[in-house]
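Here's a quick briefing to read alongside the structure. Have the viewer open as you go through the bullets.

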Amino acid sequence: MGREVYVVGGYVRDIFLKRTSQDIDLVTVGSGIELAERVAEALGRTKSLSVYANYGTAQVKAGDLELEFVGARRESYSRDSRNPIVEDGTLEDDQNRRDFTINAMAICLNAGRFGELVDPFGGIADLEKRQIRTPLDPDITFSDDPLRMMRAIRFASQLDFHIVPETFEAIRRNRERINIITKERINDELGKIMRSPRPSVGLKLLDRAGLLELIFPAICELKGVEIMEGKGHKDNFNHTLQVVDNVAERSDSEWLRWAALLHDIGKPQTKRYDERLGWTFHNHNFIGEKMIPRLFRKMKLPMNEKMKYVAKLVGLHMRPQSVGEQGVSDSGVRRLITDAGPDLDDLMILAEADITSKNPNKVRRQLEGFARLRERMSQINDADELRNWKNPVNGNEIIEYFHIAPGREIAAIKDAVKEAVMEGKIPYDHDAAWAYVLEIAPGILGTGTTEASTNCEKA
């Protein structure tokens, strides 16, 4: 086609960082869509082509590879939008619009210059120095597209790079500009920070830059230490970041990391000073669990099973410790297994990650308690069944047998059955549970229910 074509951006950066990638961005001087169509034609049946005419881009999927095509362009921005005015341009124009020097490198694909690196801003040197800086004036870069501020911090967290002082100060100066970015785009960057090897790196940078209080004020409320009568509590913000890192060492699950980030979110509301006990945070786990749906809705995080999972772990994160401290009774273990269900392993990871005390004796006692708990859980015969707890007695079965309307009595009977299973009074099966229902129903339903009493007598 007689076109200049270059691989640009993250794929080039990752070549030099020896990181694998399946996404390749290609820039051509001319129409990116036309080039994509020709490439797709050449690849034949092994490809799929998607064209985004409004953006002048196209994507070709070939096996595991995703090739993104765009024409070289120059961009200009208005003050109140991150959507640029786009014009055709040269490779130089295209590199000038890139966010950071390490993402502004290009490699030529044309036969006469194949493999030639075009690095006008010293991206290779910045890779060697493990630093992040903008190609042009950072104030213009971040004001034009404020999401780049979060991208700088995300790359620092993912790659363990540092942001050069002049670039970081520009982030601080322009932090209020983040308010023009949608919560969905912010959450995308937050998620990538949470999935990085040590999420605390990015979270601390967001805090230092003044961005965290703008995008996630609830977390900032954990900061600080208050002292009364010479007694202070730990800084719950720093504790939380340590817990997140502890979880990240053991799990790749993004939403388990979110649960770690939010596990103490109820502490600011429950903090009290007691002259005898010192600082207390009673029921902060239950308050935190109730806060999660409102928080997710406000931040436009997913209001689905992921939210329910995070809320559940926040509500339960104290349970393993309390069960361990109570001597690991069978009933306590059974309740824990039942309430945690399929998320029991994740709950244990979170509970153990929550141990950040600098008192070695306290750490030893807590770890010993968790070890006893794990051992006892492995000895519970019906542990696997309890993880998938389903009450062996169906509410409709109770309604039909006793000829009563749905109501609190049904829930009371089912709760009594669950309690009996947890206490080991009856086996976890239907026949034993139903026999127990016939035994306890008269007391719950009362003698005023004639038909129910008659049925019980017949039984």
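**Pocket, helix pair and confidence**

The second largest pocket has a volume of about 940 Å³. Keep in mind that this is a predicted model, with an average pLDDT of 90 for the protein chain.

**The second largest pocket**
- Count 30 residues around the lining of the second largest pocket.
- If you want to centre your view, go for Lys234, Lys267, Phe281, Met318 and Lys362, which lie nearest the pocket's centre.
- On the secondary-structure side, β13 (231-232), β15 (278-280), α12, α15 (284-299) and α20 (360-379) each chip in at least two lining residues.
- By class, the lining of this pocket splits into 15 polar, eight charged and seven nonpolar residues.

**Helices α9 and α12**
- Helix α12 (residues 236-250), which supplies part of that lining, also packs with helix α9 (residues 199-208).
- Their axes sit 8 Å apart, at an angle of about 150 degrees.
- Angles over 145 degrees count as roughly antiparallel, so that's how α9 and α12 run relative to each other.
- On the α9 side, the contact uses Pro199, Ser200, Leu203, Lys204 and Asp207; on the α12 side, they meet Phe237, Leu241, Val244, Asp245 and Ala248.
- That contact comes out as six nonpolar, three charged and one polar residue.

**How far to trust it**
- In the protein chain, 93% of the residues score a pLDDT of at least 70.
- Residues 448-454 stay under 50, and the model has seven contacts beyond four places in sequence for them.
- Where pLDDT is low, don't read the predicted coordinates in detail.

Key:
Residues are numbered from 1 along each chain as its sequence is written. This is a predicted model: local features need pLDDT of at least 70, side-chain atom pairs count only at pLDDT 80 or more; totals for chains, interfaces and linings use all residues. Side-chain values use heavy atoms; hydrogens and water are left out. pLDDT is the predictor's confidence in each residue, from 0 to 100. Contact means heavy atoms within 4.5 Å. Axes are lines fitted to C-alpha atoms, for helices over the stretch in contact, and angles run from 0 to 180 degrees between N-to-C directions. Helices (H or I, at least four residues) and strands (E, at least two) are DSSP runs, numbered from the N terminus. Angles under 35 degrees count as roughly parallel, over 145 as roughly antiparallel, 65 to 115 as roughly perpendicular and the rest as oblique. Ala, Val, Leu, Ile, Met, Phe, Trp, Tyr, Cys and Pro count as nonpolar, Asp, Glu, Lys and Arg as charged, and the others, Gly among them, as polar. On a 1 Å grid over the protein atoms alone, a cavity is a set of points where a 1.4 Å probe fits but cannot get out, and a pocket is an open set with protein on both sides within 12 Å along at least five of seven lines; lining residues have an atom within 4 Å of a point. Grid points are joined across faces, edges and corners, and a volume is the space filled by probe spheres set on the points.
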